[in-house]
Amino acid sequence: MNSRLIKYIILEIIAIIIAIFWLIPLYSMLINGFKTNFEATATPVLFPPKVFTISSYITVWGEMKRPLINSIIIAIPVAFISTIFGEMAAYFFYVTSERMPAVSNTGFSIISLATFIPYQATLLPLIELEASWGLFNSYQGLIFALLIFYMPTAALLMSIFIPVIPKYLIEAARIDKASDWTVFWKVVFPLTIPGFLATMIFVFIESWNNFFMPLVLTSSPSLRLIPVAERAFTGGYGTLYNDSYAAAVIASIVPLVVFIILGRYFIKGLAALGGGAKGV
Amino acid sequence: MVKVKVKDLTKIFKKGKNIVVANDKISLEVDDGATFGILGESGGGKTTLLRQIAGLEIPTDGYIYFDEKVVSAPNKIIVEPENRNISLVFQNWALYPNMTIYDNIAFPLKNIKMPKSEIDKRVTEISETLNIKQVLKHYPREVSGGQMQRAALARALVKNPKLLLLDEPFSNLDAQIRDSARALVRKIQKELSLTTIIVSHDPADIFSIAEDAGVIVRGKFVQIGNVSELYNNPISETVSKLLGDINTVEGEVKEKAIVIGNLAIPFDKKIDLTEVKVGIRPEDMRISQAEIIKNYVNIGKVKVKVSSYSAGIFKLIVSPISDESIEFSVNSETHIRSGIEAFLFIRPEKMKLFDSNGNRIM
Amino acid sequence: MAIPTLFFSGVLLYLVAWNIYLSFLNWSLVSRIPKFVGFGTYSYLLHQYFFKIGAMHSAIFSLGLIAIGNPLGIFLAGILYFLPNKFRTLMVSIFLYPLAISMATNGLIWTWLFNLHLGVDYALRLIHLPTIPWLTTPTTTIGALFLVEIWAYTGLAVLFYLASFMGVDKSIIEAARIDKAGGFKILFKILIPNSMNGFIVSTALLFLFSFRLFSLPYVIGGGPTNLNLMTLVTYLYYLFYSEFFSASAATSVIVTVVATAVIIPYALYGIKRWIRRE
């Protein structure tokens, strides 16, 4: 064994130890929902159940079913609409960047602002606006509010992914008399599908996990989304009971499964926010 | 077809604090059906000129006319590229990677809403001419470089453009198939008498395609003319080098001769300079053990330093026996071993003289 | 084509402008008919105890994350860089999974882990280490939230630094190896000096993500009124629900201005670097 190999092994061990620390919360969430209520309140959080039961899931499911469906009704259209229109805007900014740099720079700054602004800061006018348009406490109102922030987010991400297409392809298409619409659907869109998926999955996970918007924009229990519904099972100040673990699992299962299956797209989206389209 | 006229065209790029004058008051005329070559070093502004003619860049100043009609004006595109009836073959061909070769060629026709049967007829016809019928169903990444280049050409020609623009169209091809590609372009251009402008850094492209050409150096046309005129009578050392291999060696002007080390080129004209640069192309020189060759002048003894071979010709590097730091590149019909000493011959009427700034004096 | 996005961006700008207008009024539970008071509401806010501690906590949580997240991100990215591809991808996913889960859920899980009897303290007791009174004293409550924040967001810094490291030309690294440079030397003399890009964006994004933390203090603190965890963002929510509308709007404006001061340079940097590729 040479010294380089030993160094690699040491690095791997350090990495694995840190990763185990990182995984502790996930692990404790997954195991505790399978405990009986007595065991959950009496045994350490880090210990696996002695008696394996799904009773808490059965209890929680009744109340989580509707919010789960609501979240699907909200998050899928938000992700899809945001990404399609966001990509169109990104394409517009891209083609105008040379002739009207002021327009595309302002546009890019505004979509960055909408992406990263603490959205809670729009609370009061947003509620006023939704109330006056009759959107408060409705599916449309939630979708509308999320689109305000996530359509610019999608436009921002797509503005980072689109420049990967060589400009000469778009120029060639123009010389071939393709309209903007044709260039977008026949050339730009097919060539940015990985970026499109990354953006859509990113927006989907973000809007699924958004706790604030449904908290302030809905009042009736039938419109509850998953993150808000889950909070009903917390019992305040760290009270332990098996139902809250099960609720947490049900709330996280969709984004977690998406993350496990399509995680590379989500990571690609995150990476784009920080390092351009090259990614890791 | 169309006649292209460019008048005092200027293009300035600002990149941060840097200001680059890519084109500086360029004027040029290409007659209907003619072919024109633009030659220059990379970064010299030739692609910028072509892109302005295509309408892809906005001129900073100056005008472009198609048949006396203004298409570009200062800071303004009057006729958008899609309405100029032009075709542009890009250096890397710009084939749409998500479409088959067939769809690539059909794309411009679909955009003008041509009926399907007509599109099919035209694509089949052009792909037969260009010998790519067998790859129509493939994607660009699945075909060879030569086929990609012909597909790009097919896409350019299928819509019957009035003006064909070629931007270094052969530079990404293997050397062996470049000549046949050039011949094909030339043949089609002639058959259609299609006005054509080609940009290249390779004089071989210009010689094979263009009748007239202009040489761009640092954004300006320094010489425009018939291609063989440019080759034989370059106005400067730079132009002479852009048009082909040439030896330029410093020599001392003495009475009745220009002296380079132990070599002496007979010269009896009066000039004011004591130092000149002698320019002579490899094909105008020979090397031999014999002391006399008809039509050539023996200028003295040299030693062969390197002997190599390319495209059917032996290439020699020789130095005057008195000074190894001076080098000439000479063509030879036979292989000569390095180390051998022999006589160097030149054709005196082909010799060009430049001053120390590289301007032609004779 | 850009119309839908411009429409929604326009709505956002409209909301921001509306906030600014509301912040100049004195609209609240006690003054139902609002009057224009100029900067009156702002000067009122600056004297509020809750505002001061909210601002302080926001500063601690965002600047603290930058101070810890950056070096930790460099450290972890430095380790991951030298690991084989597949393993590295897996590790990156592990560091990033907290971002795929709702912060509300993350807060929930951590409140169990902070349980004094059965959480991580149980494990600490088991190996005879001193226990920490997590959510029961003000200082440790802040520390606890800070820990969760580090856990949740450091993955971002790891990702950005790793991307910067991977962007360094491989042949330079190979040349350094041949010149017998060790891993540490490569990290400190080549990778880190060439990672200005990673530093800029990870600082900007760590700030922006932590500055808008809402769900974590809300869930861990058991609501918006926990004084130990009150940030500017939870404070503006608290003001809204206690019907101090203009004060809430003024806090929102302050939050927006601070965030914009980071977002605009980020956007200009992004345009230059990724869009124009200069």
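## Helix α1 of chain C and its surroundings

On the side of α1(C) that faces away from its buried residues, the exposed positions are C:I3, C:L13 and C:A17. The model described here is a predicted one, and the description begins with this helix before turning to the interface and to chain B.

Helix α1 of chain C covers residues 3–23, and because a rise of 1.5 Å a residue gives an expected span of 30 Å for its 21 residues, the separation of 30 Å between its end C-alpha atoms agrees with that expectation. Its buried residues are C:T5, C:F8, C:S9, C:V11, C:L12, C:L15, C:V16, C:N19, C:L22 and C:S23. Viewed down the helix axis, these buried residues lie within an arc of 145 degrees, and therefore they line one face of α1(C). What do the buried residues of α1(C) pack against? Their partners come from two chains, namely α3 (55–96), α4 (101–116), α5 (123–132) and α6 (139–161) of chain A, and α2 (40–46) and α13 (245–275) of chain C.

### Contact between chains C and A

Across the interface, 90 residues of chain C are in contact with 86 residues of chain A. On the side of chain C that touches chain A, α13(C) supplies the largest share, with 17 residues. The classes of the residues on that side of chain C are set out below.

| Class | Residues of chain C on the side touching chain A |
|---|---|
| Nonpolar | 65 residues |
| Polar | 22 residues |
| Charged | 3 residues |

A helix pair formed by these two chains can be described in more detail. Helix α1 of chain A (residues 3–32) and helix α4 of chain C (residues 85–100) have axes that come within 9 Å and cross at roughly 35 degrees, and the crossing of α1(A) and α4(C) is left-handed. In this contact, α1(A) contributes A:A15, A:A19, A:W22, A:L23 and A:L26, while α4(C) contributes C:M91, C:I94, C:F95 and C:Y97. By class, the contact of α1(A) with α4(C) has 9 nonpolar residues, with no polar and no charged ones.

### Chain B

The secondary structure of chain B consists of 8 helices and 21 strands, and the C-alpha trace of this chain spans about 75 × 45 × 40 Å along its principal axes. Chain B has 362 residues, of which 40% count as buried. Among the contacts in chain B with a separation of 6 or more, 64% are accounted for by residues 24 or more positions apart.

Technical notes:
Residues numbered from 1 in each chain as written. Chains lettered and ligands numbered in written order. Predicted model: local features only at pLDDT ≥ 70, side-chain atom pairs only at ≥ 80, totals over all residues. Helix = DSSP H or I, 4+ residues; strand = E, 2+ residues; numbered from the N terminus. Expected span 1.5 Å × (residues − 1). Buried ≥ 20, exposed ≤ 12 C-beta atoms within 10 Å, placed from the backbone. Arc of directions from axis to C-beta. Contact = placed C-beta atoms within 7 Å. Nonpolar A, V, L, I, M, F, W, Y, C, P; charged D, E, K, R; others polar. Axes fitted to C-alpha atoms, helices over the stretch in contact; angles between N-to-C directions. Left-handed = near helix turned anticlockwise from the far one by under 90°.
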